[in-house]
Amino acid sequence: MCGIVGYVGEKKCTPILINGLKNLEYRGYDSAGIAVMEQNHIEVVKEKGRVKNLEDILSSTVLNGTIGIAHTRWATHGKPSKDNSHPHKDNSNTFAVVHNGIIENYKELRMFLEDSNYTFYSQTDTEVIPNLIHYYYSKYDEKTKDNFLKSVIYACNELRGSYAILVLCNDFPNMEIVAKKDSPLVIGKGTNEYYIASDIPAVLNYTKDFYFLDDNNFATIEENEIHFYDSNNIELNKDLKSISWDCTSSSKRGYDDFMIKEIFEQPEAIKRTIINRINLGKICNFSDINLSRKYLSAIDKIYIVACGTAMHAGLVGKYAIEKLAKIPTITEIASEFRYQNPLIDKNTLCIFISQSGETADTIAALKLAKQKNCKTLAITNVIGSSITREADFSIYTEAGPEIAVASTKAYTCQVALLCCFAIYLSEVLKRENTNLLENLKQELLCIPEKIETILKNCDVVEDVANKVYLEKDMFFLGRGIDYTTCLEGSLKLKEISYIHSEAYSAGELKHGPIALIENNITVVGILTDENLIEKSVSNLQEVITRGAKTFVVCNDENVANRFDYSLVIPSTYTYLSPLLSIVPLQLLSYYITKEKGLDVDKPRNLAKSVTVE
Ligand code: F6R
């Protein structure tokens with residue numbers, strides 16, 4: 001979950017590496033470091049804390065090298081400290097390595113290396129890697145590039161777990177070797193230069209052309225040359241792919257934080273996601289996933305598998321697919337799915353949702369579904385991400401880079417895409433009235449404008465946030481589709497504001513949680529499903545009677561007037577309502593967090609891509 005950046009080229013690399021690390025801080029921010037090739041020796045500078053701390057030290061250090069590697073850490077093995085931060089060197093100071101991932105067998109390897117007289121200076125799993133590379137390299141009499149590569153390959157073949165690594169070697173000052181297994185790594189190509197990174201946004205300022213490494217791939221990179229190899233040292237061909245992300249999309253563009261910028265980007269992001277899918281008067285366009293009518297008619301069950309916010313999008317997907325396409329659908333948390341021996345077979349379509357496309361549990365769940373002969377469909381935001389290389393088919397949300405740790409625009413794009421897919425299934429299988437489906441498509445096209453209307457009222461939510469930001473606990477209540485919004489709203493609040501919050505189906509309140517309602521506690525109600533509003537209003541009345549303050553999001557002034565605070569949002573079809581009702585909750589979390597003076601984009605203990613189990 002750490003972030004890594006590398007550069008090989010003609011320019012001084014330190015500013016490029018630091019800029020890349022800043023763009024990657026959402027991946028981890030416990031400590032940061034760089035290694036730069038300086039006149040045949042590797043200079044390492046590292047520091048505990050944020051990239052800014054490293055930058056401060058570098059402001060008084062002269063580094064002229066044009067080849068380097070860098071790292072921002074999210075601690076797994078060993079507490080955040082200077083010693084534990086990357087890059088790590090081997091005992092002979094020949095190699096420097098940055099690593100993202102976890103080496104599961106590092107204890108065995110460390111014992112083996114200690115028996116061979118290697119000494120360790122950190123508590124990390126990573127430090128075995130440069131020493132193991134050195135162990136193999138020292139067996140060669142000749143210092144050749146080929147032997148450098150072979151030593152990296154042999155070392156990696158010994159590692160169990162996940163890694164993306166960048167390696168520098170004193171003996172080859174013009175070269176960097178990189179390797180990957182189960183952790184993301186991309187190589188961007190410029191003119192006479194290469195940019196290496198764990199995530200595209202790190203280097204999007206410099207290039208849009210990328211090589212994507214597969215697992216167990218290696219690359220040797222020099223200024224004008226790049227070669228790819230597999231773990232048997234056989235050379236591979238790789239195509240360069242261009243991506244469409246706009247380079248300004250990974251900057252704040254005048255907003256205070258990435259999260260608020262991303263909340264405001266939702267109308268455009270949703271438009272991009274659905275515009276080429278919706279054909280009025282014709283079946284939605286999913287020609288990119290080649291699922292035949294015969295296959296779709298035979299599926300008797302759909303599983304939607306994901307983690308966190310993506311799983312909440314999956315809950316909306318289940319609702320839409322079951323109601324529109326009449327296919328029983330189960331939405332499951334990936335870390336549960338992978339260990340529950342799910343009842344799936346060739347007649348189950350398994351959909352995996354992941355913004356990053358790198359979430360370890362989601363990818364493991366996908367691999368399990370493939371073993372059981374299911375067809376697998378990935379929904380992701382990142383072209384070339386690991387999930388797209390595993391799934392039978394991939395479709396993309398067009399959210400653009402999402403930098404804030406708390407997911408906002410990726411969620412609404414996932415929901416919009418799932419709704420389109422549900423309509424498509426219904427059209428292909430003729431499971432719903434054509435008028436309803438056509439109206440839904442028309443309405444989907446209106447959603448971006450309706451979100452704009454909500455965003456124009458953000459000050460109403462800000463006022464509510466200013467009144468409730470000192471709360472210790474909050475509750476979110478809703479029924480049916482509104483309950484899925486409550487789950488997502490509650491997750492947003494707790495992850496960035498650190499306020500304890502719970503989402504409950506309003507009908508469950510009496511079965512336990514109402515015991516927690518006390519004077520002045522804030523309860524948020526989502527009241528958009530017209531068939532269930534009166535029932536949820538009664539439940540909210542019960543908490544008011546017990547002293548709670550209420551904030552509701554609803555479609556009707558008359559309903560709104562019954563509560564302490566409210567926001568009336570445009571109405572829409574129930575299937576699509578989470579696309580609108582989540583927006584005030586995203587804003588509420590954002591403004592509460594700002595009012596508390598916390599870092600909205602980088603909440604404590606969290607990282608954007610969870611690439612370890
Ligand atoms: C919450 C959040 C996480 C992610 C989850 C899955 O705001 O961002 O809950 O949704 O870690 O991440 P992806 O979608 O990258 O698989």
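## Helices α3 and α4

Helix α3, covering residues 106-115, packs against helix α4, residues 128-137, at an angle of about 45°, and their axes are 10 Å apart. The structure described here is a predicted model. An angle that is neither under 35 degrees, nor over 145, nor within 65 to 115 counts as oblique, and α3 and α4 are therefore oblique to each other. Their crossing is left-handed.

On the α3 side, the contact is made by Tyr106, Leu109, Arg110, Phe112 and Leu113. Helix α4 contributes Val128, Asn131, Leu132 and Tyr135. Sorted by class, the residues of this contact of α3 with α4 comprise seven nonpolar, one polar and one charged.

## Helices α13 and α14

Helix α13 (residues 409-429) and helix α14 (residues 434-456) pack with their axes 11 Å apart and at an angle of about 160°. Because angles over 145 degrees count as roughly antiparallel, this angle makes α13 roughly antiparallel to α14. The two helices cross in a left-handed sense.

From α13, the residues in the contact are Ala416, Cys419, Cys420, Ile423, Ser426 and Glu427. From α14, they are Leu437, Glu438, Leu440, Lys441 and Leu444. The contact of α13 with α14 holds seven nonpolar residues, one polar residue and three charged residues.

## Helices α16 and α19

The pair formed by helix α16 (residues 481-497) and helix α19 (residues 578-595) packs at an angle of about 20°, with the axes 9 Å apart. Since angles under 35 degrees count as roughly parallel, α16 is roughly parallel to α19. The crossing of α16 past α19 is right-handed.

Helix α16 enters the contact through Ile481, Thr484, Thr485, Glu488, Gly489, Lys492, Leu493, Ile496 and Ser497. The partner residues on α19 are Pro578, Ser581, Ile582, Leu585, Ser589, Tyr590, Ile592 and Thr593. By class, the contact of α16 with α19 has eight nonpolar, seven polar and two charged residues.

## Ligand surroundings

There are 13 residues around the ligand, of which Ser354, Gln355, Ser356, Thr359 and Glu495 come nearest. Two of these residues, Ser354 and Glu495, also place polar side-chain atoms beside ligand oxygen. In the case of Ser354, an N or O atom of the side chain is 2.6 Å from an oxygen atom of the ligand. For Glu495, a polar side-chain atom lies 2.5 Å from an oxygen atom of the ligand.

Thr309 takes part through its backbone: a polar backbone atom of Thr309 is 3.1 Å from an oxygen atom of the ligand.

## Backbone geometry in two loops

The peptide bond leading from His86 to Pro87 is cis, and its omega is near 0°. Pro87 is placed in the loop between β4 (67-73) and β5 (88-89).

The loop between β5 and β6 (95-100) contains Asn93. Phi of Asn93 is near 60°, a positive value in a residue other than glycine.

How values were computed: Residues are numbered from 1 along each chain as its sequence is written. This is a predicted model: local features need pLDDT of at least 70, side-chain atom pairs count only at pLDDT 80 or more; totals for chains, interfaces and linings use all residues. Side-chain values use heavy atoms; hydrogens and water are left out. Axes are lines fitted to C-alpha atoms, for helices over the stretch in contact, and angles run from 0 to 180 degrees between N-to-C directions. Helices (H or I, at least four residues) and strands (E, at least two) are DSSP runs, numbered from the N terminus. A crossing is left-handed if the near helix is turned anticlockwise from the far one by less than a right angle, and right-handed if clockwise. Contact means heavy atoms within 4.5 Å. Ala, Val, Leu, Ile, Met, Phe, Trp, Tyr, Cys and Pro count as nonpolar, Asp, Glu, Lys and Arg as charged, and the others, Gly among them, as polar. A residue is near a molecule or strand if one of its heavy atoms lies within 4 Å of it. A polar contact is a pair of N or O atoms within 3.5 Å; within protein, one must be able to donate a hydrogen and the other to accept it, and residues adjacent in sequence count only if both atoms are side-chain atoms.
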